[in-house]
Amino acid sequence: MTAVLIQSARITLKQHRFEVVAGALAAILLGAAALWVNSRLAAVNVPPGCFDAWRNSSEPGPLCAGPVSAFFTIAEEAGNVFFGMTFVPLAAGLLAGVTLVGRELEARTAQTAWGLAASRRRWFARQLWPILLVLGVTVGFAAIAASTLETTRAGDFMLIWRGHGLHGPLVVARAFAALGVGLVLGAVMGRTLPAFAVGAVLSFGLLLSSEAARGAWAAAQPRVIVDEAAISGVDALIFERAWRAPDGTLVTDAKVLALVPAEESLEPGRWLIGQGYEPLQLGITAETARGWVPVEIAGFGALGLGLVLGTVLVVDRRRPR
Amino acid sequence: MLQSARLTLKQHRFEVGAGALAMVLVGAAALWVNSRLLEVIVPSGCFEAWTTQGPFGIGPECEVPVRRFGEINENEAGKVLAAMAILPIAAGILAGVALIGRELEARTAQTAWGLAASRRRWFARQLWPILVVLGATVTFAAFSASILETTRRVSYSYPYMDLGLYGPIAVARTFAALGLGLFVGAALGRTLPAFIIGAVLSFVLVSTAGPASYQWASAQPRVVLAGADADTGMSFDSRWRAPDGQLLTEEDVTALAPAGQPDGPWQWLNDHGYETVSLGITAETARGWEPIEIAGFTVLGIVLVLGTVVVVDRRRPT
């Protein structure tokens, strides 16, 4: 049984060698590049406190200036790696997905392949698992390597959503969703190139939707009072300014400004503070904001799973022209 | 002739339709964004005031329209030109790889080539309708993007800003991408791998055009950039101009200032008629690169199309 499975996997990988190898190779190269840039960043060895000195002063001192400058020069190279991480996992998933069923239909070999298999579902499962395994391992490697790089390049200045979706498990989830998109489109259209082009547009649309959903989710979270010194995007996501009235109630900026007399309208803040109002910032903490990551992973994972199951339905019912 | 063109376009309707539609949509978007930019009436002198004094140094009569112009420019015009960076090339490769690659992949090349008077004639008959449709739609998009670029350049200008994303260079790039697609499609005989390889090669080609243009510009004879040229030209170096007009390096002028100046040598030099000037090339000289890039991509496209003829002539139709 195992020998048959391995033999079938070997044939599948050979049949789709260009698409699988191109995707896997790109992911491996990107992962290796991430590790290489990471090792160079780590070798700079910025003395403790230098990032703070650099942020708070235009002249951080001779002990810090050299290492911080070298660190940021190399960190720019990291930008190229993350640029690659935006496209490669999605392209690898899509590329492998559209060919798996789409090529059989395009080359008119599906009739024979499906006819010889015990069932179409079993045929599909046998085709899918080697691709899942190879892509999972290589994209997983790239995602882990990119995570390491992201941690190193952040220094001690970790922006909440910088590099979002370009490292860690979310990359694997996105690649899986792209594979699902490719599978279902390839199976429905029966032509690989049009399926890839449509899949690329849909994947781009999916990414944009996930960005919009992330913003909407963050805005819908219960807002808390954020420390006055907090920097939006680093310590918290600040959405609005509010005021604590002398009686302790929270009043929105718009409401409280209506209380300001016309003659004080040039400097309303000073007048309000004089009246005992305390300015506040409302938003969500960094911890709450990072709660989006598992939601997005689950979303892309579920989408990928749904699309793979959708492909099973298409394979089950479609005419193998 | 027309019947054969109709068949070709029908056969490759997805690739040609997708590419042409994308180009028409981008072109229409460029014209729409351009009209929105033109609707914002920015009083004369406001952009200059914004550049020199910043957003808080100018009054609301300037700040509001300049901000509005900037928002449309960043959010909408930027997206149109970003699309112009990818879509014309994608349209060229998509149509190119399908033209011969699909015949080989579907194993219909043997019949098609066997029925044609000659393979070359078959190829010419396949190619021209695609060239006409893509040429017309990409030219429309490139022309519209040129209009948009002219409008958005009011606020800021740099000779190589958005170079290749509008005008004849965009058309030349598409033609080169089409040639690349044709050649790779004919050589590989499989559309999807050919598309991927074509996309990677196009990315490399376009990426090399940027540094090449800068290298060419930096090799041009440098002049003193003064007046409007200082704002619109490309500066590579700076010098000190002596009262007699002689250009001196920083090393030369610091030696001229007597030692122990209370405010340093620079104040002494300024007081004695020395001034810093930028050395570089004017916008007009910099634009001399454009015909070179157009010619380069066109020649590459022609060579690749001719290379495809050779492949079609000699390859096995399987």
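**Entry 1: the contact between the chains.** I began with the place where chain A meets chain B in this predicted model. I found that nine residues of chain A are in contact with nine residues of chain B. I then looked up which elements of chain A give two or more residues to this side, and they are helix H2 (17-44), helix H4 (62-106) and helix H8 (192-220). The largest share, five residues, comes from H8(A). Sorted by class, the side of chain A that touches chain B holds seven nonpolar and two polar residues, and no charged ones.

**Entry 2: the nonpolar core.** I next turned to the largest nonpolar core, which has 139 residues. The members that touch the most others are Ala146(A), Val80(B), Met84(B) and Ala145(B). Helix H4 of chain B, residues 60-105, gives this core its largest share, 20 residues.

**Entry 3: the surroundings of Ala146(A).** I asked which residues Ala146(A) is in contact with, leaving aside its neighbours within four places in sequence. I noted Ala34(A), Val81(A), Phe82(A), Met85(A), Leu166(A), His167(A) and Val171(A).

**Entry 4: chain A as a whole.** I recorded twelve helices and four strands in chain A. Its C-alpha atoms fill a box of roughly 85 × 50 × 30 Å along the principal axes. The radius of gyration of chain A is 26 Å, whereas a compact globule of 321 residues would have one near 20 Å. I also noted that 36% of the 321 residues of chain A count as buried. Finally, I looked at contacts in chain A with a separation of 6 or more: residues 24 or more positions apart account for 80% of them.

Definitions and conventions: Residues are numbered from 1 along each chain as its sequence is written. Chains are lettered from A and ligands numbered from 1 in the order in which they are written. This is a predicted model: local features need pLDDT of at least 70, side-chain atom pairs count only at pLDDT 80 or more; totals for chains, interfaces and linings use all residues. The radius of gyration is taken over C-alpha atoms; the globule rule is 2.2 Å times the number of residues to the power 0.38. A residue is buried if 20 or more other C-beta atoms lie within 10 Å of its own, exposed if 12 or fewer, and partly exposed in between; C-beta atoms are placed from the backbone. Two residues are in contact if their C-beta atoms, placed from the backbone, lie within 7 Å. A nonpolar core is a set of buried Ala, Val, Leu, Ile, Met, Phe, Trp, Tyr and Cys residues joined through C-beta atoms within 7 Å. Ala, Val, Leu, Ile, Met, Phe, Trp, Tyr, Cys and Pro count as nonpolar, Asp, Glu, Lys and Arg as charged, and the others, Gly among them, as polar.
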